[in-house]
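User: I'm new to this one. Can you walk me through it?

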Amino acid sequence: MRIFQNVQDLGDLRTALNEAFEIKKDRFKYQDLGRNKTALLIFFNNSLRTRLSTQKAALNLGMNVIVLDVNQGAWKLETERGVVMDGDKSEHLLEAIPVMASYCDIIGVRSFATFESRKDDYEEKILNQFIRYSGKPVFFMESATVHPLQSFADLITIEEYKRTERPKVVLTWAPHPKALPQAVPNSFVQWMNAADVDFVVTHPEGYELDPQFVGNAHVEYDQMKAFEGADFIYAKNWSCPGVTRPEDYGKVLSKDMSWTVDTAHMAVTNNAYFMHCLPVRRNMIVTDDVIEAPTSLVIPEAANREISATVVLKRMLQAL
Ligand code: CP
C-alpha cells in the first residue's frame, strides 16, 4: 500500500480486520519489519490521539519516528505556486516536501480544511502535493476531507463490540460552538457504507454530506426516529458541507441543543454503545451521563487508533 486515504486502499475489509485482531493479540509481532526505516509524521494542526497512537504504532513495528509540528519551530510554509513570497512565509512546500521526504521512508500528514475554498479543500490540495512531490508512501492523519485512521479504528471497535451479525449504526450530527471540518463524518460514512452494517445518518437540513462519501446511505432527518433500535450511536459535529448551498460551506448553520446526545435519546436505542472520535465537548455533543455510562466506547475506540495505525504502517512497510 502506497497511499492510505480511503477505505478502498485497504482492499478486503474482512482481511484488514483479521490483521487488526492479529496485531491486537501481539502488537510487536512485526517488530523486525521497520528496522532502519523512518516514519515522518507532519502536523499542520493540533493532535493528541493521532500523534501518540501513530508514534506508538511505528515503534511497535521497530521504526524510527520523527515528528514535525509545522507551526512550531519550522519555517512558515507557502502552499500556493506563483505567489511572490514577500510576506511572512519563508519556505515553499515545493522545496520542503522533497527535503522532508529525503529523511524518511513513509510520511504521515495532518492538514485540516481551511474553509477558504471548498474546491481547494475537497481537491486535497496539500495532501496531493505530498503524494506528488515526496516520492514516498503517504498516509492521511486527517486531511481536509477524510480521517481514515479514525474510521478504521471505529470499524475495529464496532466489530469487537457488536452483539448481532449486522448491527444498526447511526451517525448523528450534534451541536458545537465552532465550525468543524467534515473529515471524520465523510470517512465514517464511507467506511460504514463499505462495512456489513445497517447504517443511518441523521442531521439537520443543510448538513448533507458530500455524495462522493455518503453515497446511498439512508439519511433520516428525524433524530429520534434514527436512534430507534440502534446498536451504536456515533456522534460528531460538522460544519455545513456546502452540497446544496456552496456559499454556506464551512458555516455553522445550527447550534440546536435538542440534538445533544442525552439519556432520553439513548433510551429509544437497543441499549446502544456510544462512540465519538474525541476530543469531545461535553454537554454540547453528549451529556456527562452518556459519555460516562458503561456503554460508552470512547476510550477503547481511541485505544484502537494504535491498532489501525499499526496495520496501515505494516502494509506500507511490506510494500516498500
Ligand atoms: N480523534 C483524533 O484524531 O484525535 P486527535 O485530533 O487528538 O488526534
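Analyst: Let's start with a term. A salt bridge here is a side-chain nitrogen of Lys or Arg within 4 Å of a carboxyl oxygen of Asp or Glu. Arg 245 and Glu 247 form one, with N to O at 3.4 Å. Keep in mind that this is a predicted model.

User: Are those two buried or exposed, or in between?

Analyst: Arg 245 is partly exposed, because its relative accessibility is 45%. Glu 247 is partly exposed too, at 48%.

User: How many salt bridges does the structure hold?

Analyst: It holds 23. One of them pairs the side chains of Lys 125 and Glu 80, at 2.9 Å from N to O. That pair links distant parts of the chain, 45 residues apart.

User: Where do Lys 125 and Glu 80 sit?

Analyst: Lys 125 is in helix α5, residues 125-134. Glu 80 is in the loop between β4 (77-78) and β5 (91-92).

User: And why do they count as partly exposed?

Analyst: The partly exposed class lies between under 20% (buried) and over 50% (exposed). Lys 125 has 30% relative accessibility, so it falls in that class. Glu 80 has a relative accessible area of 30%, so it is partly exposed as well.

User: What about Asp 248, which salt bridge is it in?

Analyst: The Asp 248 side chain meets that of Lys 251, at 3.3 Å from N to O.

User: Is Asp 248 buried or exposed?

Analyst: Asp 248 is buried, because its relative accessible area is 9%. Its partner Lys 251 is partly exposed, at 40% relative accessibility. Elsewhere, salt bridges that share partners join Arg 14, Glu 159, Lys 162 and Glu 165 into one network.

User: Switching topic. What surrounds the ligand?

Analyst: Ser 47, Leu 48, Arg 49, Thr 50, Arg 110, His 147, Gln 150, Cys 277, Leu 278 and Arg 305 surround it.

User: How many of those shell residues are nonpolar, polar and charged?

Analyst: The shell has three nonpolar, four polar and three charged residues.

User: Which ligand atoms pair up with Leu 48 and Arg 110?

Analyst: Oxygen atoms, in each case. A polar backbone atom of Leu 48 is 2.7 Å from an oxygen of the ligand. For Arg 110, an N or O atom of the side chain is 2.9 Å from a ligand oxygen.

User: And Leu 278? What does its backbone do?

Analyst: A backbone N or O atom of Leu 278 lies 2.8 Å from a ligand nitrogen. As for cover, the ligand has 250 Å² of accessible area on its own, and the protein covers 94% of it.

User: Which peptide bond at Leu 278 is cis?

Analyst: The bond from Leu 278 to Pro 279 is cis, with omega near 0°. So one residue, Leu 278, is in the ligand shell and also begins a cis bond. Pro 279 is in the loop between β12 (273-275) and α11 (288-292).

User: What else is in that loop?

Analyst: Asn 283 is found between β12 and α11 too. Asn 283 has a positive phi of about 65°, although it is not a glycine. At 37% relative accessibility, Asn 283 is partly exposed.

User: What about Asn 36? What is its phi?

Analyst: Phi of Asn 36 is near 65°, a positive value in a residue other than glycine. Asn 36 sits in the loop between α1 (13-25) and β2 (38-43).

User: Is Asn 36 buried or exposed?

Analyst: Exposed, because its relative accessible area is 59%.

User: Now the surface. Which residues make the nonpolar patch?

Analyst: Ile 66, Val 99 and Tyr 103 make a nonpolar surface patch of about 290 Å². Ile 66 belongs to strand β3, residues 64-69.

User: How is Ile 66 classed by accessibility?

Analyst: Ile 66 counts as partly exposed, at 38%. Patch residues need over 30% relative accessible area, so Ile 66 at 38% clears that cut-off.

User: Last one. Where does Asp 256 lie?

Analyst: Asp 256 is in the loop between β11 (232-236) and α10 (263-267). Asp 256 is partly exposed, at 34% relative accessibility. The C-alpha atoms of Asp 256 and His 176 are separated by 9.1 Å, while the two residues are 80 residues apart along the chain.

Notes
Residues are numbered from 1 along each chain as its sequence is written. This is a predicted model: local features need pLDDT of at least 70, side-chain atom pairs count only at pLDDT 80 or more; totals for chains, interfaces and linings use all residues. Side-chain values use heavy atoms; hydrogens and water are left out. Patches are made of residues with over 30% relative accessible area and no salt bridge: like charges are joined within 9 Å, nonpolar side chains (Val, Leu, Ile, Met, Phe, Trp, Tyr) within 5 Å. Accessible areas come from the Shrake-Rupley method with a 1.4 Å probe; for residues, only the protein chains shown count as cover. Helices (H or I, at least four residues) and strands (E, at least two) are DSSP runs, numbered from the N terminus. Buried means under 20% relative accessible area, exposed over 50%, partly exposed in between (1.4 Å probe, protein chains only). A residue is near a molecule or strand if one of its heavy atoms lies within 4 Å of it. A polar contact is a pair of N or O atoms within 3.5 Å; within protein, one must be able to donate a hydrogen and the other to accept it, and residues adjacent in sequence count only if both atoms are side-chain atoms. Ala, Val, Leu, Ile, Met, Phe, Trp, Tyr, Cys and Pro count as nonpolar, Asp, Glu, Lys and Arg as charged, and the others, Gly among them, as polar.
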